[in-house]
Amino acid sequence: MPQTFTHEFVTPVYKGKITINTGLYIGGKFVDGVDGKTHDVINPATGKLTTKISLGTEKDVDVAVKAAREAYDTVWGLNMPGHERGKCLMKLAQLMDECHDELAAIEALDNGKTFTWAKTADIPGAIQCLRYYGGWADKNQGKVIEVDESKLAYTRHEPIGVCGQIIPWNFPLLMMAWKIGPALATGNTIVLKPSEFTPLTALRMAPLIAEAGFPPGVVNIVNGYGSVAGAAIAAHPHIEKVAFTGSTLVGRRIMETASQTNLKKVTLELGGKSPNIIFDDADVDQAVDWASHGVFWNHGQACCAGTRIFVHEKIYDEFLQKFTEKAQTIKIGDPFGVDTYQGPQVSQLQFDRIMGYIDSGRSEGATLHHGGERHGEEGYFIQPTIFTDTHPEMKIVREEIFGPVGVVIKFSSEEDVIRQANDSQYGLAAAVFSKNIDRALRVAHKLHAGTAWVNCVNSVNAQVPFGGYKQSGIGRELGEYALANYSAVKAVHVNLSMPI
């Protein structure tokens with residue numbers, strides 16, 4: 001029998017009691033893993049145990065796939081009209097809205113992000129996403145194609161079948177919504193693996209999914225390690241499509257596994273090293289505020305983080321001074337603090353990885369301009385960190401750090417900064433700051449990135465596609481574009497008067 005986790009929040013920003021089932025959610029009910037093993041979930045703010053969850057293996061993935069396939073063949077997919085699927089998504093969004101603060105509190109406890117940001121960004125974004133795709137559920141249409149008068153030709157957009165979805169730990173609930181929204185709207189069933197570091201909001205969603213009217217087996221949640229449960233999802237011969245958000249390294253492994261098994265359809269949202277270009281005619285104060293948000297928001301744990309900050313030489317000194325002052329004002333601490341902006345990194349592993357990059361920057365000759373140290377005595381807190389005097393081959397310039405670490409780089413010309421910005425294996429996002437809209441758009445169009453922001457950063461909407469160029473991924477999340485990830489296009493030819 002699966003265990004439950006109960007926690008009472010008594011904090012300045014949220015008070016309440018939660019109970020979450022910690023089993024695997026398969027076929028509409030919580031179950032223990034086949035092997036009966038568990039995994040420790042650690043509170044990143046303290047480094048201490050939060051709870052234990054059931055641990056799934058390839059055996060549990062197989063059970064979940066069978067449940068998903070049965071649901072697809074009997075009660076979902078082409079068996080349920082799009083408008084009914086849309087009603088379920090809309091109802092799920094409503095239920096999430098009703099426990100908005102509870103979900104934000106679970107996310108803050110589990111991930112370490114601040115309750116304030118979870119409440120104002122993550123949870124509203126997830127709700128908006130599900131409502132958006134609820135509206136799309138009966139509008140994923142094919143079209144009639146003119147051939148000649150002897151034949152009727154048209155296309156159908158059909159669901160793919162059972163989809164595997166592997167969710168990251170940096171925005172657990174938001175990324176879950178990004179994945180399940182288009183998949184469910186188009187009629188697919190799901191085997192979802194949350195990160196082993198941050199499984200609690202996905203497990204809390206399970207009873208909401210049932211209450212929203214989704215039949216058993218439509219959404220299945222298998223906790224587990226990426227190297228075991230995640231690998232089993234990528235390899236399973238009856239999963240027809242896999243979606244993954246995470247590192248480029250793991251994305252490559254998933255593609256390789258898919259190619260060696262059933263050639264399942266793959267979409268990947270991977271790493272980034274986003275350039276943020278600030279021209280000399282930019283509003284410096286606004287650019288400083290946005291650049292700080294671009295690097296330090298979510299503790300730097302954002303794939304689109306603008307960690308390469310290119311500043312025109314005419315305003316470099318002014319910008320660096322103000323940017324440093326801004327970093328000094330960032331309140332680090334308890335995710336449930338009233339004015340906390342930056343909480344802990346998600347795990348000891350991530351903490352050590354980031355500190356390793358900071359040590360690398362020092363050893364390779366960059367100037368540690370600000371921060372670079374642990375904050376506090378417990379938990380996984382790192383000071384906001386700024387490097388200057390870098391060169392393009394340094395690891396801190398080229399590799400994704402996924403922490404509160406940015407490099408500030410001086411540039412002199414538009415052509416040179418475009419070259420430097422594009423000199424990366426990644427191409428997820430980019431930003432341009434300038435009051436000259438002609439220049440801002442000209443540069444934005446020349447940047448090799450799937451998203452280009454002008455005079456803002458880290459701004460996403462459910463209606464607008466998000467995804468990367470180069471090694472930042474394959475396919476697009478969000479918007480109408482994401483429906484194609486979960487649709488199979490069938491061409492139908494009808495003979496009207498065509499002789500043989």
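Start by selecting glutamate 158 in this predicted model: its bridge partner is alanine 488, in S24. Now widen the selection to strand S8, residues 151–159, and colour S24 as well. Nine bridges join S8 to S24, and the two run antiparallel.

Next, bring in strand S7 (144–148) to see the rest of the sheet. Three strands make up this open sheet, in the order S7-S8-S24, with antiparallel pairing. S7 and S24 (487–495) are the edge strands, each pairing on one side only. As you turn the view, look for the twist, which averages 25° from one strand to the next.

**Just before S24**

Step back along the chain to leucine 478, in the loop between strand S23 (473–474) and S24. Is leucine 478 buried or exposed? Its relative accessible area is 1%, so leucine 478 is buried. To see what surrounds it, show its contacts beyond the neighbours within four places in sequence: Cys129, Tyr133, Trp178, Asn461, Ala462, Val464, Pro465 and Phe466. You can also draw a distance from the C-alpha atom of leucine 478 to that of isoleucine 123; the two residues are 355 apart along the chain, and 16 Å separates these atoms.

**Two asparagines in one loop**

Now select the loop between strand S21 (451–454) and strand S22 (469–470), where you will find asparagine 455. Asparagine 458 has its place in the loop between S21 and S22 too. Most residues other than glycine have a negative phi. Asparagine 455, however, has a positive phi, near 60°, and the phi of asparagine 458 is also positive, near 50°. How do they sit with respect to the surface? Asparagine 455 is partly exposed, at 34% relative accessible area, while asparagine 458 counts as buried because its relative accessibility is 10%, under the 20% cut-off.

**The second largest pocket**

Keep asparagine 458 on screen and switch on a pocket display. The second largest pocket holds about 340 Å³ of space. It is lined by 23 residues, and those closest to its centre are Leu174, Trp178, Trp297, Asn458 and Val460. Trp178 is a residue you have already met, as one of the contacts of leucine 478.

Colour helix H4 (115–136) and helix H5 (172–185), the elements that give two or more residues to this lining. Which of the elements gives the most to the lining of the second largest pocket? That is H4, with six residues. By class, the lining has 14 nonpolar, seven polar and two charged residues.

**The largest pocket**

Move on to the largest pocket, with about 1100 Å³ of space. Its lining counts 41 residues; Trp169, Phe244, Gly246, Ser247 and Val250 lie nearest the centre. Highlight H7, S12, H8 and helix H11 (348–363), each of which supplies at least two lining residues. H8 gives the most, with seven. Colouring this lining by class will show 18 nonpolar, 15 polar and eight charged residues.

**Last stop: helix H7**

Finish with helix H7, residues 226–235, one of the elements that supply the lining of the largest pocket. Which residues of H7 are buried? They are Ala229, Gly230, Ala232, Ile233 and Ala234. Show these together with helix H1 (58–74), strand S9 (162–166), strand S10 (189–193), strand S12 (241–245) and helix H8 (248–260), the elements that the buried residues of H7 pack against. As you look down the helix, remember that an α-helix has 3.6 residues a turn, so residues three or four places apart point the same way.

Conventions
Residues numbered from 1 in each chain as written. Predicted model: local features only at pLDDT ≥ 70, side-chain atom pairs only at ≥ 80, totals over all residues. Heavy atoms only, no water. Buried < 20%, exposed > 50% of the residue type's maximum accessible area, 1.4 Å probe, protein only. Helix = DSSP H or I, 4+ residues; strand = E, 2+ residues; numbered from the N terminus. Contact = heavy atoms within 4.5 Å. 1 Å grid on protein atoms, 1.4 Å probe; cavity = no way out; pocket = protein on both sides within 12 Å on 5 of 7 lines; lining within 4 Å. Points joined across faces, edges and corners; volume = space filled by probe spheres on them. Nonpolar A, V, L, I, M, F, W, Y, C, P; charged D, E, K, R; others polar. Pairing = 2+ DSSP bridges. Axes fitted to C-alpha atoms, helices over the stretch in contact; angles between N-to-C directions.
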